[in-house]
Amino acid sequence: MTNATVTNETIRPSEAEHFGKLAADWWDPKGSSAMLHKLNPVRLHFVREAIDAHWSGDGKSVKPLAGKTALDVGCGAGLLCEPLARMGAKVTGVDAAAENIEAAKAHAAGGGLSIDYRHGELGTLGLGTYDLVTCLEVIEHVADKPAFIAELAKRLAPGGLMILSTPNRTVKSRLLLVRGAEAIGAIPKGTHHWEDFVTPDELAELVADAGLEMGEPTGIAFAPSKGLHLSDDTSLNYIATATST
């Protein structure tokens, strides 16, 4: 359950290479990114509710981000960028793997979407600030997490909203995400390194050090009867907002 990673001078070449190799079938719901396709609707549900809550929006509006800018860091081939664009945002997507950016551009063009995709390190691209900054399933692939979160915070406009998600570092995530999911091929082998997972308390501290305040995290759990779903259980994976203090 991951996108590739882009950081401020913390890109791991091995990570970019790993995810670049997945670019060709990133949009195939039955391919190597199948788990991400299952995860994406769950994340989008949280994202939409967070957007409406933050800007006091109308939950029935099809364009809740009209007139707003959005930045997705570690965008992969655009699984989140495209829905954000359809919500009305002017979207920029950044990723470390050039192959992912090319796949993202091609898919967006095929869907008639105008999205500004950039390849490289976030801190070197000369980007401005954005109303919405998203970074989903990326932090666990970053070498220098404080520098990365600080760079994300720099990209957030005053009054803006940040949304972060990442696996939790627990016994459950080690068994299910690393040993289990990778062993049966649900996630490509080598995708996750359990020691790099971040607990909610650690993420809250990183966010606070960057001058932001993290909201109460919502779990992304799995059950055979429900599949992946939002939950009070954060032991596997979680998603949270962050705003200026």
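Start by selecting G93 and Y117: G93 stands opposite Y117 in strand β3. This is a predicted model, so keep that in mind as you click through. Now widen the selection to the two strands around that pair. Strand β2 covers residues 90–95, and β3 covers residues 116–119. They run parallel, with 4 bridges joining them. To get from one to the other, follow the chain out of β2 through helix α4 (residues 98–110) and into β3; this β-α-β crossover is right-handed.

**Back one strand: β1**

Keep β2 on screen and colour it by burial. What share of β2 is buried? The count is 5 of its 6 residues, so call the strand mostly covered. Next, add β1, residues 69–73. β1 and β2 pair in the parallel sense over 5 bridges. For a place to zoom in, pick A70, which stands opposite V91 in β2. The link here is helix α3 (residues 81–86): the chain goes from β1 through α3 to β2, in another β-α-β crossover that is right-handed.

While β1 is lit up, click on V73, which belongs to this strand. Is V73 buried or exposed? V73 has a relative accessible area of 0%, so it is buried. Then draw a distance from V73 to T134: the C-alpha atoms are 6.3 Å apart in space, although 61 residues separate the two in sequence.

**On to β4 and β5**

T134 makes a handy stepping stone. Select strand β4, residues 130–136, and then strand β5, residues 156–167. The two strands run parallel and are joined by 6 bridges. One pair to look at is L136 with its bridge partner in β5, S165. Add helix α5 (residues 145–154) and you have a right-handed β-α-β unit made of β4, α5 and β5.

Why does β5 count as largely enclosed by the rest of the structure? Because 10 of its 12 residues are buried. Now look at the partner strand β9 (residues 237–244): β5 and β9 pair in the antiparallel sense, over 6 bridges. Zoom in on L164, which stands opposite A240 in β9.

**Two residues with positive phi**

Go back to the end of β4 and step into the loop between β4 and α5, where you'll find E137. This residue has a positive phi of about 60° although it is not a glycine. Turn on a surface if you like: E137 is at 0% relative accessibility, so it counts as buried.

For the second one, jump to S56, in the loop between α2 and β1. S56 is not a glycine either, yet its phi is positive, at about 50°. Is S56 buried or exposed? With 67% relative accessibility, S56 counts as exposed.

**Around D52**

From S56, move back along the chain into helix α2 (residues 34–54) and select D52. At 14% relative accessibility D52 is buried, because the cut-off for that label is under 20%. Show side chains and check R48: its side chain makes a polar contact with the side chain of D52, at 2.9 Å.

Which residues does D52 touch once those up to four places away in sequence are set aside? They are G57, D58, G59 and P64. You can also draw a C-alpha to C-alpha distance from D52 to L65, which comes to 9.2 Å for two residues 13 apart in sequence.

**A charge over a ring**

Next, select R174 and W194. The charged end of R174 sits over the ring of W194, 3.7 Å from its centre. If you were hoping for aromatic pairs as well, the count for those is 0.

**Zoom out**

Finish with the whole chain in view. Its secondary structure comes to 7 helices and 9 strands. Of the 245 residues, 57% count as buried. How much of the contact map joins residues at least 24 apart? Among contacts between residues at least 6 apart in sequence, the figure is 69%.

Methods:
Residues are numbered from 1 along each chain as its sequence is written. This is a predicted model: local features need pLDDT of at least 70, side-chain atom pairs count only at pLDDT 80 or more; totals for chains, interfaces and linings use all residues. Side-chain values use heavy atoms; hydrogens and water are left out. Rings of Phe, Tyr and Trp (its six-membered ring) pair if their centres lie within 6.5 Å; planes under 30 degrees apart count as stacked, over 60 as edge-to-face and the rest as tilted. A charge sits over a ring if NZ of Lys or CZ of Arg is within 6 Å of the ring centre and within 35 degrees of the ring normal. Buried means under 20% relative accessible area, exposed over 50%, partly exposed in between (1.4 Å probe, protein chains only). Contact means heavy atoms within 4.5 Å. A polar contact is a pair of N or O atoms within 3.5 Å; within protein, one must be able to donate a hydrogen and the other to accept it, and residues adjacent in sequence count only if both atoms are side-chain atoms. Two strands pair if DSSP finds at least two bridges between them. A crossover is right-handed if, with the strands pointing away from the viewer, the path from the first strand over the helix to the second runs clockwise.
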